[in-house]
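Colleague: Could you take me on a close look at one part of this model, starting with a single residue in a loop and working outwards? I'm still learning to read structures, so please go step by step.

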Amino acid sequence: MSLASTIRLSYFHSSLKSYIERQDSKSALLLLRQFLQSTVKPNDFTFSLLLKSYASSSSALNPIIAKIEVNQTRNHLVKSGIDQFVYVSTALLDLYMKLGCVESARGVFGEMPQRDVVSWNALLCGYSRNGYDIDALDLFVQMLREGLAPQITTLVGLIPSCGRCDNLFPGMCIHGMGIKAGIDFDSQVKNALTSMYAKCGDLGAAKLLFEEMEEKTVVSWNTMIGAYGQNGFFDEALLMFKRMLEESFEVNSVTVLNLLSTSNCAELIHCYVIKSGLNNDVFVITSLVCVYAKCGDTVSAELLNMLSPHDNLVSLTAIISSYGEKGNIGLVVEYFSRVQKSGLKMDAIAMVSILHGIKDPAHSNVGIAFHCYAIKSGLCIKTLVANGLISMYSNFNDIDAALSLFYEMPEKPLITWNSVISGCVQAGMAREAMEVFCQMMMFGQSSDSVTIASLLSGCSQLAYLQFGKRLHSYVLRHDLETEDFVETSLIDMYTKCGSIECAERVFKSINEPCLATWNTMISCYSLNGFERKALTCYIEMLEQRIEPDKITFLGVLAACTHGGLVHEGKTCFQVMTEQVGLVPNLQHCACMVGLLGRAGLFEEAMSFIQNMDIEPDSAVWGALLNACRIHQEIRLGESLAKKLYLLDYRNGGLYVLMSNLYAATGRWDDVERVRKMMKGTEGDGCTGVSQIEVPSVVKLNPLILWLRVFSRSSQLLKFSAGVLPIRLYMLDRLRDAQTGDKRYL
DNA sequence: CTAGGGTTAG
């Protein structure tokens, strides 16, 4: 190469270097294009600089365009043979990883004629950063087999993968290897290990590592604050923060982020943010938006969002979720169009937040439109989005749609099975849910506490006491009885199936029942006519210093209403509104009206209705009408019936009550008239159904049953009430047989 | 190395 060419090349390189500093890959590429037209040939160093400029600005690039450009660069490297330089190919691999193109990076690695430790590290760290945690662990093993010793970079890349998989064992092995190799003293390795132990739930180990660390950095403190927060120790997290301030460490945005997601005192942290001048950090603002959105304060969330220089997807997603939670579909759609207009790209989480907000069957057209969007944008292949769609269609009571989505999914993780099972139950199709559960067992998919809780709820619906009991055994066998949700579902199942003794037994076996469990037990007594027991249970709950909520008071009020306990009911309502400070909803009001009306206190009931802060609905007026029936108050009853008719003429209860009122006073002509009116409204679908369980299934021939189970396993068939419990029973016994429990076969 | 939005459950 001539001297002139060498000078030109080095001049060109220094220009490229300045673009790296300015994170301007666009200009770097333009410059290279110009240069290629001249007679001087770029060399390996030129390309390493170009790749570096891309890496420096990778987070700000449009990933699709960047990928195309990098692909072109790769072609160039191959044609000119520069890809034979290990360091250039490694830089290319690293760049692909930074752009999230894991497969391309894997390809580059595969084609490399030789690799050094840096290449292995780049691939491993790339896997880890992109969430390919299992691949990272596999690669590490492969790396060791090739005879390469792990370095600090290797461990720093690998350890977070163990944490994310919640995989303590490999994490501990790697810790041990670090000690043997003498690289566990590195502060980055120690921080990574601390975080890993915390994520796997071993706070003791995390704390030990943190305390014995000699050179703690901000990252170490942040890690420890996060460790306490993630495991629910909010006070300890705050104490850690206090200690950090005392030892005068500089607080950064990650500290605030950890504190915000940790604590329940958002305002306090917000004040600190403003005082410490971190309030301009985009991440901090986003985090604050999320906190306010999560607790339903959309006003503050939106105000804060306006402080952000650009719209960002995370903030908008949080706001969308918040409006979805409130059922404000209009604003959900509006914020979606805002995402579209601002040029942000919807991702799976944003998509599922929208779907989650569409619950009302009246909005099914909107839901279907978003389903179309999910298909067009390619997001519907993501499991997360598919699950969201299944739940959405279940909310519309469109089980066929939910099931067809489900069967089309190529991969069905546990959560998908759970989505479809709970979807069926919530849509009132518990029998379908149990069908799916059978298929799940056939498939070899194991279930968890969520599956069982959903199925128990299905048993309540169908009054399948036998199957419910079998699920209870399953719970005991699999040590799931410690889960709040499962315990509560069990009590609910026994209550609804009429077996109050069993419900009580489950309740008494629980060490520290949570609020929902107490609530269920109170409602259980109330539903079964044990008003006094319901009240005693409520008092016991208060003695345990558990703060009652709206559901608690609903249960207690209902008990008072059923039992005619006027004084207790009034006191309870007073406690709720004045002492606990809860705003009564329509259901509470209906209970109170029923309570007063049943006691014949019509004037008090009417003045109660007039003093209500919310507009009374058909349930409130209906409660009073029911009282009229009991006390044979024809005149008031008729005027109430008119009101109710105007509110909701399709409400079947109205006609039944009026008919009974007329019947009680011997006005048979009016009874006839009301019944005709009800038929005119085509009824409201409240027709009662009675069913019984098939007893003593054990006597049936197991072989025939098993054949039946097999022949029908491939498709979803509607079963008669009798056969399904038998199938479930058989499956259960078969599994017992597989796991060595031969008692039943 | 630490970090923000999400799906299943009474």
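Modeller: Happy to! A helix here is a DSSP run of H or I that covers at least four residues, and helices are numbered from the N terminus. Please keep in mind that this is a predicted model.

With that in hand, find Ser 308, which sits in the loop that links helix 18 (298–307) to helix 19 (313–325). Is Ser 308 buried or exposed? Its relative accessible area is 9%, and since buried means under 20%, Ser 308 counts as buried. Setting aside neighbours within four places in sequence, Ser 308 is in contact with Val 282 and Ile 285.

Now compare that with a residue inside a helix. Ile 225 belongs to helix 13, which runs over residues 218–230. Ile 225 has 0% relative accessibility, so this residue is buried. What surrounds Ile 225, beyond its neighbours within four places in sequence? Its contacts are Ala 237, Met 240, Phe 241, Met 244, Thr 255, Asn 258, Leu 259 and Thr 262. You can also trace how the chain comes back in space: Val 256 is 31 residues from Ile 225 in sequence, yet their C-alpha atoms are 9.8 Å apart.

Next, let's look at a whole helix. Helix 32 takes in residues 531–543, 13 in number. From first C-alpha to last, helix 32 reaches 19 Å, close to the 18 Å expected at 1.5 Å a residue. Which of its residues are buried? They are Glu 531, Ala 534, Leu 535, Cys 537, Tyr 538 and Met 541. Looking down the axis of helix 32, you would find these buried residues within an arc of 160°, so they line one face of the helix. A general rule helps here: an α-helix has 3.6 residues a turn, so residues three or four places apart point the same way. The buried residues of helix 32 pack against helix 31 (515–527), helix 33 (550–563) and helix 34 (566–580).

Just past that helix we return to loops. Arg 545 follows helix 32 and lies in the loop between helix 32 and helix 33. Its phi is positive, about 60°, although Arg 545 is not a glycine. Most residues other than glycine have a negative phi. Arg 545 has 78% relative accessibility, so it counts as exposed. Ala 463 also has a positive phi without being a glycine, at about 55°. You will find Ala 463 in the loop between helix 27 (449–462) and helix 28 (465–477), and with 38% relative accessibility it counts as partly exposed.

Finally, let's turn to the DNA. Around DNA strand B there are 47 residues, and Asn 191, Asp 347, Leu 384, Phe 485 and Thr 488 come nearest. The residues of this surface divide into 18 nonpolar, 24 polar and 5 charged. Of the atoms of DNA strand B within 4 Å of the protein, 49% are from sugar or phosphate, and the rest are from bases. Asn 191 has a side-chain N or O atom 2.6 Å from a base oxygen of DNA strand B. For Asn 222, a polar side-chain atom lies 2.8 Å from a base oxygen of DNA strand B. With His 356 the partner is a phosphate oxygen of DNA strand B, 3.4 Å from a polar side-chain atom.

Methods
Residues are numbered from 1 along each chain as its sequence is written. Chains are lettered from A and ligands numbered from 1 in the order in which they are written. This is a predicted model: local features need pLDDT of at least 70, side-chain atom pairs count only at pLDDT 80 or more; totals for chains, interfaces and linings use all residues. Side-chain values use heavy atoms; hydrogens and water are left out. A residue is near a molecule or strand if one of its heavy atoms lies within 4 Å of it. A polar contact is a pair of N or O atoms within 3.5 Å; within protein, one must be able to donate a hydrogen and the other to accept it, and residues adjacent in sequence count only if both atoms are side-chain atoms. Ala, Val, Leu, Ile, Met, Phe, Trp, Tyr, Cys and Pro count as nonpolar, Asp, Glu, Lys and Arg as charged, and the others, Gly among them, as polar. Helices (H or I, at least four residues) and strands (E, at least two) are DSSP runs, numbered from the N terminus. Buried means under 20% relative accessible area, exposed over 50%, partly exposed in between (1.4 Å probe, protein chains only). Contact means heavy atoms within 4.5 Å. The expected span of a helix is 1.5 Å times one less than its number of residues. The arc is that of the directions from the helix axis to the C-beta atoms.
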